[in-house]
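Colleague: I should like to go through the terms used for this structure and hear the grounds for each of them. Please set every value against its criterion.

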Amino acid sequence: MAMWRAAARQLVDRALGARAAHTSAGSKKIVGVFYKAGEYADKNPNFVGCVEGALGIRNWLESQGHHYIVTDDKEGPNSELEKHIEDMHVLITTPFHPAYVTAERIKKAKNLELLLTAGIGSDHIDLPAAAAAGLTVAEVTGSNTVSVAEDELLRILILVRNFLPGYQQVVQGEWNVAGIAHRAYDLEGKTVGTVGAGRIGRLLLQRLKPFNCNLLYHDRLQIDPELEKEIGAKFEEDLDAMLPKCDVIVINTPLTEKTRGMFNKERIAKMKKGVIVVNNARGAIMDTQAVADACSSGHIAGYGGDVWFPQPAPKDHPWRYMPNHAMTPHISGTTIDAQLRYAEGVKDMLDRYFKGEDFPVQNYIVKEGQLASQYQ
């Protein structure tokens with residue numbers, strides 16, 4: 001009997017050991033890089049897009065045996081992110097506090113299989129290197145399009161109406177109506193052009209229609225004729241021909257090698273003198289110094305946006321100090337509503353990844369060595 005019990009115990013131990021080995025083999029190391037909330041972390045239970053909120057998926061991941069590390073420390077050889085690059089399986093990043101995933105980092109990441117963007121825009125990743133390494137790159141397409149389009153409309157109105165000097169007067173105890181009114185205009189009747197008419201660009205055009213503007217758009221593809229007619233927007237195939245027609249120009253194109261530095265000194269010179277420019281796309285689409293110089297000269301009457309290069313912007317970034325700007329940190333796509341949407345999208349893709357299932361096709365940026373069309 002004792003021998004039988006000993007043999008039975010050995011079988012049980014082997015089974016348990018095999019199960020433990022199976023669990024360990026199936027366990028994934030997941031690293032998330034988000035901005036830190038600090039004192040604001042507890043002010044809203046739905047504030048999930050920060051380090052402390054961790055997308056609201058910590059308990060779910062750890063209950064399945066996965067190892068989840070979250071940090072805001074992303075730069076340099078001694079950063080927290082760098083410590084985990086060699087053995088992580090999944091990296092979750094965000095455009096609002098981007099971890100720059102270079103070819104060098106990809107080469108070090110021996111176990112890396114999946115790069116997820118919590119939000120929209122994966123240009124902080126070296127996409128050709130990711131494709132060459134056989135990695136999957138995906139983002140939560142559509143998760144913050146409404147958020148960004150609303151913010152663009154806000155910045156257009158702030159700049160066209162010359163709102164910020166009035167606000168500053170109130171804060172500083174001043175009162176000078178002329179100091180505001182001499183360069184405040186109505187939006188109605190103005191020509192507004194968007195460079196890019198994807199999901200965000202189309203939403204912006206729809207929101208601008210009630211303002212009775214003359215709407216133009218430039219894109220590599222013309223939008224659906226029915227929608228174009230409904231919005232009342234006109235397609236401009238030649239970007240350089242569209243620019244001098246516009247009182248307001250909004251940048252809504254992704255950052256690619258073709259669009260990097262697209263708006264340099266020469267292209268800005270083609271814009272109408274006194275133009276308003278809003279850019280919530282990516283900072284590197286613009287030539288930084290050319291924008292600052294054009295604002296100083298008055299060629300650009302106002303520049304607004306929430307995207308910089310690099311991010312976070314250094315304290316000496318010239319856009320901080322140029323006149324007539326409406327710049328903020330990268331906030332347009334990280335409203336609480338957007339956070340909940342992209343957190344849910346990340347969880348869904350992780351669940352599919354664990355099960356070996358495909359993601360929604362529109363979420364793929366790199367799949368099986370191929371880049372999505374907008375990045376080609």
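Modeller: Two strands are said to pair if DSSP finds at least two bridges between them. The model is a predicted one, and in it seven strands form an open sheet with mixed pairing, in the order β2-β1-β3-β4-β5-β13-β14.

Colleague: Why are β2 and β14 called edge strands?

Modeller: Strand β2 (67–71) and strand β14 (370–371) each pair on one side only.

Colleague: How do you know that β5 and β13 pair, and in which sense?

Modeller: Pairing requires at least two bridges. Strand β5 (residues 136–139) and strand β13 (residues 364–367) share two bridges, in the antiparallel sense. The bridge partner of A138 in β13 is Y364.

Colleague: What makes the contact of D123 with R282 a salt bridge?

Modeller: The criterion is a side-chain nitrogen of Lys or Arg within 4 Å of a carboxyl oxygen of Asp or Glu. In the pair D123 and R282 the closest N and O atoms are 2.7 Å apart, so the contact satisfies the criterion. The two residues are 159 residues apart and link distant parts of the chain: D123 is in the loop between β4 (114–117) and α5 (127–132), and R282 is in the loop between β10 (275–279) and α13 (288–297).

Colleague: Why is R282 called buried?

Modeller: Buried means under 20% relative accessible area. R282 has 13%, and is therefore buried.

Colleague: Which residues does the salt bridge in helix α6 join, and how are they placed?

Modeller: The side chains of D151 and R155 meet there, at 2.4 Å from N to O. Both residues lie in helix α6 (residues 145–160), four residues apart, which is about one turn of the helix. The cut-off for a salt bridge is 4 Å, so the pair qualifies.

Colleague: Are D151 and R155 buried or exposed?

Modeller: D151 has a relative accessibility of 10% and therefore counts as buried. R155, at 3%, is buried by the same limit of under 20%.

Colleague: What makes D240 and K270 a salt bridge, and where are they?

Modeller: Their closest N and O atoms are 3.1 Å apart, and the limit is 4 Å, so the pair counts. D240 is in helix α11 (residues 239–242), whereas K270 is in the loop between α12 (265–269) and β10; the two are 30 residues apart, and the pair links distant parts of the chain. Partly exposed lies between the limits of 20% and 50%. D240 is therefore partly exposed at 24%, and K270 is so at 39%.

Colleague: What is meant by a network of salt bridges, and how many salt bridges are there in the structure?

Modeller: Salt bridges that share partners join E82, R105 and K108 into one network. The structure holds 19 salt bridges.

Colleague: Why are F163, Y167 and V171 called a nonpolar patch?

Modeller: A patch takes residues with over 30% relative accessible area and no salt bridge, and nonpolar side chains are joined within 5 Å. F163, Y167 and V171 form such a patch on the surface, with about 330 Å² of accessible area together. Y167 lies in helix α7 (residues 163–171). Its relative accessibility is 48%, so Y167 counts as partly exposed.

Colleague: What makes D287 a cap of α13?

Modeller: A side-chain oxygen of D287 lies 3.2 Å from the backbone nitrogen of Q289, at the N-terminal end of α13. The limit for a polar contact is 3.5 Å, so this distance falls within the limit. In α13 the residues A290, V291, A292, A294 and C295 are buried, and their cover includes α12 and β11 (300–305). Just after α13, G298 takes a positive phi of about 90°.

Colleague: How do you know that the peptide bond from F309 to P310 is cis?

Modeller: Its omega is near -5°. A cis peptide bond also joins Q311 and P312, with omega about -5°. P310 lies in the loop between β11 and β12 (325–327), and P312 is placed in that loop as well.

Colleague: Why is E368 called exposed?

Modeller: Exposed means over 50%; E368 has a relative accessible area of 71% and is therefore exposed. The residue is in the loop between β13 and β14, and its phi is near 50°, a positive value in a residue other than glycine.

Conventions. Residues are numbered from 1 along each chain as its sequence is written. This is a predicted model: local features need pLDDT of at least 70, side-chain atom pairs count only at pLDDT 80 or more; totals for chains, interfaces and linings use all residues. Side-chain values use heavy atoms; hydrogens and water are left out. Patches are made of residues with over 30% relative accessible area and no salt bridge: like charges are joined within 9 Å, nonpolar side chains (Val, Leu, Ile, Met, Phe, Trp, Tyr) within 5 Å. Accessible areas come from the Shrake-Rupley method with a 1.4 Å probe; for residues, only the protein chains shown count as cover. Buried means under 20% relative accessible area, exposed over 50%, partly exposed in between (1.4 Å probe, protein chains only). Contact means heavy atoms within 4.5 Å. A polar contact is a pair of N or O atoms within 3.5 Å; within protein, one must be able to donate a hydrogen and the other to accept it, and residues adjacent in sequence count only if both atoms are side-chain atoms.
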